[in-house]
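Please open the structure in your viewer and keep the selection tool at hand. The tour moves from stop to stop, saying each time what to select and what is to be found there.

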Amino acid sequence: MAMETANGAQATPIRFETHPSRYKHWKLSFEGSIARLVMDVVEDAPMRPGYALKLNSYDLGVDIELADAVQRLRFEHPEVKVVVVTSGQPRIFCAGANIYMLGSSTHAFKVNFCKFTNETRLYLEEACSESGQHYVAALNGVASGGGYELALACERILLCDDGSSAVSFPETPLLAVLPGTGGLTRLVDKRKVRRDLADVFSTLAEGVRGKRSEEWRLVDRSIPKSRFDQIVLEEAQTLAARTPDKTGAPITLAPIEVERTEDGDKSRSEYKYVSLVIDRATRVAELEVRAPEGKPETTSEGLRKIGSDVWALRAFRELDDALLDLRFNHPTVGLVLIKTKGDPEAVRASDRALWDLREDWLAREILLNMRRVLKRLDLTARSFFALIEPGSCFAGSLFELALAADRAYMLDGSDEGPGIALDALNFGALPMSNGLSRLETRFLHDPAAVPSLDGRSGLLDAAEARKLGLVTFTPDEMDWEDEVRIAVEERASLSPDALTGMEANLRFAGPETLETKIFARLSAWQNWIFQRPNAVGERGALTMYGRPERPEFDWRRT
C-alpha cells in the first residue's frame with residue numbers, strides 16, 4: 001500500500017530497516033571508547049523527490065539512519081562510552097527539519113515525522129542515562145531548529161565561538177510553528193534556562209552565539225575556534241574515564257525479516273513472531289505477537305550465542321517495525337486489535353531468564369529495548385483493543401500489551417478459557433513515559449493494589465481478572481462475538497481527531513515528566529498548529545517560506 005503525499009500522489013511505502021553500510025547522511029567511526037557520529041547530509045538524496053536537503057537539513061530518511069545508529073551503538077559497540085555528534089559540513093551543524101519537505105507533506109506525515117524524531121531523541125537520552133553511552137554535541141557551525149533540538153538531547157553541548165556559529169529556534173518567528181522535537185520543553189525543564197531568556201531566545205530568528213549562549217545556559221561551553229577540537233576531545237575523554245567498562249562480547253543486529261502480501265483490501269506483514277493484518281475497507285488492523293518456542297537461555301554466554309534471535313529482542317524489534325509501518329503507511333486504520341498466541345509459561349520463562357540476568361549489559365539492553373517499543377505503542381495514535389481468547393499468551397511482558405490497550409476483552413466461561421499472568425517485568429521494569437509501570441498507572445486510585453498483585457504465580461481466569469481490575473469486559477461464549485463486533489464497529493465510526501485527543505489524555509494519568517510534556521503538551525499543540533492557516537494556509541508562514549512575499553496572519557488569539 002503506497003502512502004499519499006500532500007498533492008495526492010502515491011509514494012513508495014516507508015521502510016525503517018537500514019544498516020551503516022547503507023547510510024547516506026551519517027558517518028560513524030570509532031577510536032577506542034569514543035565514537036564519532038558525523039552528520040553530512042547529501043543534498044540531492046532526499047527520501048522522496050521534490051526538495052533538496054541543503055545546509056545539513058534532515059528529512060525522515062536522515063532520522064531513520066540516526067535512530068539505527070543509536071540502536072546499533074548500544075548492542076554492537078558496548079565498548080563505546082562517548083559519542084561525539086558533529087557536522088561534516090563547514091559553518092553549519094544542522095539547519096533542522098527540511099522546510100520544503102514539511103511544506104509538501106500531508107498533515108498526518110508531519111505529525112508522525114515529529115513523533116518519530118521525538119522518540120529518537122529520547123532514545124538517545126536514554127543511552128546516556130541507562131546504557132553508559134554519553135552523547136556530546138560538538139557544534140562546529142550553526143545549530144538551528146531541529147539541529148539545536150538534536151544538540152539538546154545530548155548530555156553536553158559545546159559551541160565553537162568563531163563569530164558565526166550560533167544556536168537558534170527560528171520556528172516561531174519565521175514559520176509560525178513550534179520547535180517540534182522537544183526543544184521548548186528541554187530548554188526550561190532539562191537545561192533550566194530562565195523562562196524570560198527562553199522567551200527571548202525562541203523569538204530571535206538569528207539565534208544566540210558565543211559567550212551569551214553559555215551565560216544563558218543554552219550550551220555548556222563556548223570555545224574559541226583555535227581550541228575547539230582539542231577541548232571536544234578532552235571532554236569526551238573525561239566522560240569516558242568515569243564511565244565503567246562493560247564485560248561480555250557484543251552482538252550483531254540481524255536484518256528484520258518480513259514477508260508482505262496484498263489481497264484486495266487486505267494486506268499482511270508476516271514476521272517470525274509478529275503478524276500485522278490490515279483491512280482497509282473496515283479501517284481495522286489485527287496485530288498478533290507469538291510466544292517463544294522452547295526453553296530460554298539462562299546464561300550470559302547463551303544469550304550472546306543466540307544474539308538478535310533471542311525471542312525478547314527479535315519479537316519486540318518486529319513489533320516496533322510493525323508499529324512504524326502502521327503509523328506511516330496505513331494512516332486510515334483507526335483501530336488495532338491486539339492478539340497473542342502461544343504458551344503463557346514460555347513468555348514468563350523468557351522474562352524470568354532476562355530478569356535474572358539483568359546485571360549483564362546485554363540482558364539490560366534487551367529489557368530497555370522492550371521498554372522503548374512498548375512506549376512506541378503507548379504513543380501511537382490508534383485505538384487499541386486487546387482480545388484475550390483461548391490460545392492467547394497475555395503473560396508478563398506480553399500482558400503489557402493488554403495493559404497498554406485502551407480496552408481489554410477477555411472471554412469468560414470457555415472449557416479451555418484463556419488465562420492471564422503477571423511476572424517481575426510487570427512491576428517497574430517496563431515503565432511508561434510518566435515514569436510509572438502500566439499497573440501503577442492503572443491503579444492510581446488504589447496504589448496498594450499493585451504490591452498485592454506481586455507474587456501471584458498462577459494463571460488468572462476471566463472472573464479473577466475482572467475482579468482484580470486487570471481487564472475491561474469479560475463476555476461469555478454466547479455474547480463474545482456480538483459484543484466484540486459491536487465495540488469494533490462503534491469505535492471505527494468515531495472521529496479520528498477526537499479519539500486521538502481522548503486517548504492521549506487518558507493514557508498518561510499520573511505525574512507529568514519531560515516525556516509526557518513533549519508528547520501530550522507539545523505534540524498536541526504542534527498537531528493543532530500544523531492545521532492552522534497561519535502556518536499552512538495559502539499564505540501561511542510555512543507555505544510562504546522561501547518566497548519574497550510576507551505571510552498573512554489571522555491576528556485573533558484563540
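The stops below take in aromatic pairs, a strand and its neighbours, a helix, a sheet and the cysteines.

Before selecting anything, keep in mind that this is a predicted model, with residues numbered from 1 along each chain as its sequence is written.

**Aromatic rings**

A pair of aromatic rings is described by the distance of the centres and the angle of the planes. The count for this structure comes to 14 aromatic pairs. Select tyrosine 100 and tyrosine 545 to begin with, and you will find ring centres 5.8 Å apart and planes at 55 degrees, so the pair is tilted. Tyrosine 100 belongs to helix α2 (residues 99–103), while tyrosine 545 lies in the segment after α22 (541–544), so this pair ties together parts that are 445 residues apart in sequence. Tyrosine 100 counts as partly exposed, at 45% relative accessibility, and tyrosine 545 is partly exposed as well, with a relative accessible area of 35%.

Next, select phenylalanine 385 and tyrosine 409, which form a tilted aromatic pair with 5.8 Å from centre to centre and 50 degrees between the planes. Phenylalanine 385 sits in strand β18 (residues 383–388) and tyrosine 409 in strand β19 (residues 407–410), so here the parts tied together are 24 residues apart in sequence. Are phenylalanine 385 and tyrosine 409 buried or exposed? Both phenylalanine 385 and tyrosine 409 are buried.

For a group of rings, select Phe16, Tyr58, Phe109, Phe113, Phe116 and Phe328, which form one aromatic cluster. Two further selections show a charge and a ring together. Lysine 110 lies over the face of phenylalanine 530, at 5.7 Å from the ring centre, and the charged end of arginine 372 sits over the ring of tyrosine 123, 5.6 Å from its centre.

**Strand β15 and its neighbours**

Now select strand β15 (residues 274–279), where six of the six residues are buried, so the strand is largely enclosed by the rest of the structure. In a regular strand the side chains alternate between the two faces of the sheet. Colouring the two faces of β15 separately puts Val274, Leu276 and Ile278 on one side and Ser275, Val277 and Asp279 on the other, and both faces are covered.

Add strand β14 (residues 266–270), which runs antiparallel to β15 and is joined to it by five bridges. Within this pairing, glutamate 270 stands opposite serine 275 in β15, and the hairpin that joins β14 to β15 passes through three residues. Then add strand β16 (residues 284–290), which pairs with β15 in the antiparallel sense over six bridges; here valine 274 stands opposite valine 289 in β16. The hairpin of β15 and β16 has four residues between the strands, and in it arginine 283 takes a positive phi near 60 degrees.

**Helix α6**

Which residues of helix α6 (residues 183–190) are buried? They are Gly183, Thr185, Arg186 and Leu187. To see what covers these buried residues, show the surroundings, which include α3 (107–130), α4 (146–153), α7 (195–201) and α20 (514–529). Just after α6, lysine 192 can be picked out, and this residue takes a positive phi of about 55 degrees.

**A sheet of four strands**

Select β6, β8, β10 and β11 together, and you have four strands that form an open sheet in the order β6-β8-β10-β11, with mixed pairing. The edge strands are β6 (91–94) and β11 (208–209), each of which pairs on one side only. Strand β8 (residues 141–144) and strand β10 (residues 166–168) run parallel and are joined by two bridges, and in β10 the bridge partner of serine 144 is serine 168. With the sheet still shown, bring back α4, which lies across β6, β8 and β10 and runs at about 90 degrees to β8.

**Cysteines**

A disulfide is a covalent bond between the sulfur atoms of two cysteines. How many disulfides does the structure hold? The structure holds zero disulfides. Select cysteine 94 as an example: the closest cysteine sulfur, in cysteine 154, is 11 Å from its own sulfur, too far for a bond. Cysteine 94 is buried, with a relative accessible area of 0%, and cysteine 393 is likewise buried, with a relative accessible area of 0%.

**A last stop in a loop**

Finally, select alanine 448, whose place is in the loop between α15 (438–442) and α16 (449–453). Alanine 448 is exposed, with a relative accessible area of 52%.

Note on methods:
This is a predicted model: local features need pLDDT of at least 70, side-chain atom pairs count only at pLDDT 80 or more; totals for chains, interfaces and linings use all residues. Side-chain values use heavy atoms; hydrogens and water are left out. Rings of Phe, Tyr and Trp (its six-membered ring) pair if their centres lie within 6.5 Å; planes under 30 degrees apart count as stacked, over 60 as edge-to-face and the rest as tilted. Buried means under 20% relative accessible area, exposed over 50%, partly exposed in between (1.4 Å probe, protein chains only). A charge sits over a ring if NZ of Lys or CZ of Arg is within 6 Å of the ring centre and within 35 degrees of the ring normal. Contact means heavy atoms within 4.5 Å. A disulfide is a pair of cysteine sulfur atoms within 2.5 Å. Two strands pair if DSSP finds at least two bridges between them. Axes are lines fitted to C-alpha atoms, for helices over the stretch in contact, and angles run from 0 to 180 degrees between N-to-C directions.
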